[in-house]
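Me: I would like to learn how to read salt bridges and pockets from a set of coordinates. Could we work through one case?

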Amino acid sequence: MKKTLLSTTIKTAIAATLSLIVAKYLGLEFSSSAGIITILDIFETRQDTLKGGFKRALSATIALILGILVFEIFDYKTWAFGIYLLLFVPISFLLKIELGLGPSSVIVTHLLSYGTINSQIIINELGLVLIGTGFAMLTNLYAPESQVELIDWIEDIDGDIKDILNFYGNTLVKHLDVEIYEGKIKKLEYDIDKALDLAIIEKDNRIENSKNLLIELNQREREMDLLKEMYDDLKEIPVEYADGKLISDIIIDTSNNLTEDGDMVTVKNRIEFLKEHFNMMELPETHEDFLIRSAIFQVFRSLNQFIDIRRNINLEVFESLTENKGDY
């Protein structure tokens with residue numbers, strides 16, 4: 001995030017200064033307005049800047065036309081500017097270009113200052129808009145790459161998920177402090193939130209790129225939800241439960257096969273085998289035994305969903321790599 005803020009700050013300073021210099025060099029009146037328009041038109045991402053620049057350019061054009069009509073009809077009086085606003089504000093919201101209200105209205109005040117209208121004045125005002133908007137768009141042609149950083153985040157997230165699954169497996173055979181889980185799940189939530197923020201910015205900056213990394217992160221967010229559900233179910237299974245070791249092994253086996261070349265099919269087959277094992281056991285005799293058995297099947301359900309998500313992630317990664325090889 002700090003890198004993005006620094007990049008935006010530097011680009012804004014350079015672009016606003018250059019637009020002011022160019023406007024002055026071309027001899028435009030109110031040249032400082034070009035710099036202000038540039039500042040207002042630079043957003044955090046390239047996509048937002050392009051959309052914002054287009055809307056502000058359209059807003060300025062409509063404002064100029066409307067301002068000329070109002071001042072020519074009602075004369076170049078201060079109160080006439082109020083009539084212009086009464087018309088322009090609802091039009092802006094109707095066309096969804098309200099973000100251009102401020103800078104466009106500043107341009108119209110220039111007309112009020114001139115007290116007249118001619119082609120040179122119109123060219124001057126349009127020039128300010130084009131220079132200001134143009135430099136804002138040009139600066140965001142460069143956007144810092146975050147692909148490597150995102151991949152690092154994803155690796156950390158996968159490490160967090162493996163740690164939590166291993167922790168789950170151990171809780172079935174050992175007495176472990178609940179604070180260990182809370183610390184691990186908080187770290188996972190933090191890593192996913194930060195990575196998602198970065199992925200959204202990256203998607204908007206790299207307009208030509210696929211959304212694969214963002215999709216992968218959303219899928220890992222779903223995995224995190226399943227881990228939370230699994231934890232609630234595992235709490236129902238006491239450490240002294242006779243078949244706890246079987247469930248522990250399958251959870252740890254799932255963790256060990258999270259890699260791209262992991263054998264998820266074998267893990268799913270083992271889960272199905274265990275489900276059959278518990279189905280063939282005698283029915284629970286006590287309410288406590290019933291809760292344990294129910295929790296076990298809920299854990300199996302969550303594990304199956306978890307594995308399906310992970311297989312889908314691995315498939316998308318494989319397809320992405322295959323496509324990239326085809327480009328060379």
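Reply: We take the salt bridges and then a pocket. Keep in mind that this is a predicted model.

Me: How many salt bridges does a search of the whole structure find?

Reply: The general idea is that side chains of opposite charge can pair when their charged atoms come close. Here, the search over the whole structure gives 13 salt bridges.

Me: What is the distance between the closest N and O atoms of R310 and D158?

Reply: The closest N and O atoms of that salt bridge are 3.1 Å apart. R310 belongs to helix α12 (residues 287-326) and D158 to helix α7, so this pair ties together parts that lie 152 residues apart in sequence.

Me: Are R310 and D158 buried or exposed?

Reply: R310 and D158 are both buried.

Me: Which residue meets E223 in a salt bridge?

Reply: The side chain of E223 meets that of R310, at 2.7 Å from N to O. This pair links distant parts of the chain, with E223 in helix α9 and R310 in helix α12, 87 residues apart. Both E223 and R310 are buried.

Me: Which residues are joined into one network by salt bridges that share partners?

Reply: The network consists of D158, R220, E223 and R310. R310 has been met twice above, in a salt bridge with D158 and in one with E223.

Me: Where do E189 and K228 lie?

Reply: E189 is in helix α8 (residues 178-205) and K228 is in helix α9, so their pair ties together parts 39 residues apart in sequence. They form a salt bridge whose closest N and O atoms are 2.4 Å apart.

Me: Why does E189 count as partly exposed?

Reply: The class between buried and exposed runs from 20% to 50% relative accessible area. E189 counts as partly exposed because its relative accessibility is 27%. K228 is partly exposed too, with a relative accessible area of 27%.

Me: Now the pocket. How much space lies in the second largest pocket?

Reply: A pocket can be read by its volume, its lining and the classes of the lining residues. The second largest pocket holds about 210 Å³ of space. Its lining has 15 residues, and T171, L176, L234, K235 and V239 lie nearest its centre. The elements that give two or more residues to this lining are α7 (147-171) and α9 (212-234).

Me: What classes of residue does the lining of the second largest pocket have?

Reply: The lining has 9 nonpolar, 2 polar and 4 charged residues.

Note on methods
Residues are numbered from 1 along each chain as its sequence is written. This is a predicted model: local features need pLDDT of at least 70, side-chain atom pairs count only at pLDDT 80 or more; totals for chains, interfaces and linings use all residues. Side-chain values use heavy atoms; hydrogens and water are left out. On a 1 Å grid over the protein atoms alone, a cavity is a set of points where a 1.4 Å probe fits but cannot get out, and a pocket is an open set with protein on both sides within 12 Å along at least five of seven lines; lining residues have an atom within 4 Å of a point. Grid points are joined across faces, edges and corners, and a volume is the space filled by probe spheres set on the points. Helices (H or I, at least four residues) and strands (E, at least two) are DSSP runs, numbered from the N terminus. Ala, Val, Leu, Ile, Met, Phe, Trp, Tyr, Cys and Pro count as nonpolar, Asp, Glu, Lys and Arg as charged, and the others, Gly among them, as polar. A salt bridge is a side-chain nitrogen of Lys or Arg within 4 Å of a carboxyl oxygen of Asp or Glu. Buried means under 20% relative accessible area, exposed over 50%, partly exposed in between (1.4 Å probe, protein chains only).
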